[in-house]
Amino acid sequence: DAIKWAYGNLLLENGHVHTVGLSPGAHADGIQGRGDGDLLTCRKVYFDMPALVGDGSQSNACVILQSATGPMGRAEFSECVFRGGNYTFMAGDKGSGNKLCDIHIQDSLFIVEEDSPVYGFFSLKGAPLTVTDCMVAELLSDGSLNYLSDDPKSFDVKAWHFTKYGRNPGQ
């Protein structure tokens, strides 16, 4: 994993998380929280973790927030770019019964490409999710982006996810 959020507050700004999980059998996440985190704030961070790219990296999720070892607080993402993973965001309590993380994403971009993310943007197991003023773009073979809407205020990322992957983001 690139960054472990173990407790307290964590601020990440103006970063680029990429090419993690180079060991054989790796299961790498951009950020992993397992419990006891109060506030995670990410501003202008590019999570560049496509699945199945052939560069030897083993990306699992851009962000995984589990309350396995304790309750989770709030995670805020603004002006971020999310590319790839098996899932882009994963959450859950791993059977602990601890409070799940409240996830808020605004003014951000989700990039899709062939086979990435493999299973969808979200696998949240009931974690609260708010998505505001975000866009989705397809990465084309020439490296350019095809935006699926011109107006982030009118684009419903959660509805698009349901249509594309056939399940509610909260599942």
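Here are a few worked exercises on the predicted model above.

Some ground rules before we start: residues count from 1 along each chain as its sequence is written, and side-chain values rest on heavy atoms, leaving out hydrogens and water. Since the model is predicted, local features need pLDDT of at least 70 and side-chain atom pairs count only at pLDDT 80 or more, while totals for chains, interfaces and linings use all residues.

**Exercise 1. Trace the strand pairing around β7.**

Step 1: Get the elements straight. Strands here are DSSP runs of E with at least two residues, helices are runs of H or I with at least four, and both are numbered from the N terminus.

Step 2: Look at one partner. Strands pair if DSSP finds at least two bridges between them; β4 (residues 37-49) and β7 (residues 81-84) run parallel, joined by 4 bridges. Met49 is the residue opposite Gly84 of β7.

Step 3: Now the other partner. Strand β10 (residues 109-112) also pairs with β7 in the parallel sense, over 3 bridges. Here Val81 has Leu109 as its bridge partner.

**Exercise 2. Find the hubs of the largest nonpolar core.**

Step 1: Pin down the term. A nonpolar core is a set of buried Ala, Val, Leu, Ile, Met, Phe, Trp, Tyr and Cys residues joined through side-chain atoms within 4.5 Å. Buried means under 20% relative accessible area, exposed over 50%, and partly exposed in between (1.4 Å probe, protein chains only).

Step 2: Pick the hubs. The largest core has 39 residues, and Phe47, Phe77, Phe89, Ile105 and Phe110 touch the most other members. The top contributor to this core is β4, with 5 residues.

Step 3: Zoom in on Phe77. With contact meaning heavy atoms within 4.5 Å, and neighbours within four places in sequence set aside, the contacts of Phe77 include Leu40, Phe47, Val63, Phe89 and Ile105.

**Exercise 3. Describe the largest pocket, then follow Val112 out of its lining.**

Step 1: Define the space. On a 1 Å grid over the protein atoms alone, a pocket is an open set of points where a 1.4 Å probe fits, with protein on both sides within 12 Å along at least five of seven lines; lining residues have an atom within 4 Å of a point.

Step 2: Give its volume and lining. The volume, meaning the space filled by probe spheres set on the points, is about 150 Å³. Among the lining residues are Val112, Pro117, Glu138, Trp160 and Tyr165. Helix α1 (residues 157-165) supplies the largest share, 3 residues.

Step 3: Sort by class. Counting Ala, Val, Leu, Ile, Met, Phe, Trp, Tyr, Cys and Pro as nonpolar, Asp, Glu, Lys and Arg as charged and the others, Gly among them, as polar, the lining has 5 nonpolar, 1 polar and 5 charged residues.

Step 4: Follow Val112. This residue is in β10 and counts as buried because its relative accessibility is 5%. Beyond four places in sequence, Val112 touches residues including Pro117, Phe121, Trp160 and Tyr165.

**Exercise 4. Which residues other than glycine have a positive phi, Asn14 and Lys94 being the ones to check?**

Step 1: Recall the background. Most residues other than glycine have a negative phi.

Step 2: Check Asn14. Its phi is near 50°, a positive value. Asn14 is in strand β2 and is exposed, with 60% relative accessible area.

Step 3: Check Lys94. Its phi is positive too, about 55°. Lys94 lies in the loop between β8 (87-92) and β9 (102-106), and at 61% relative accessibility counts as exposed.
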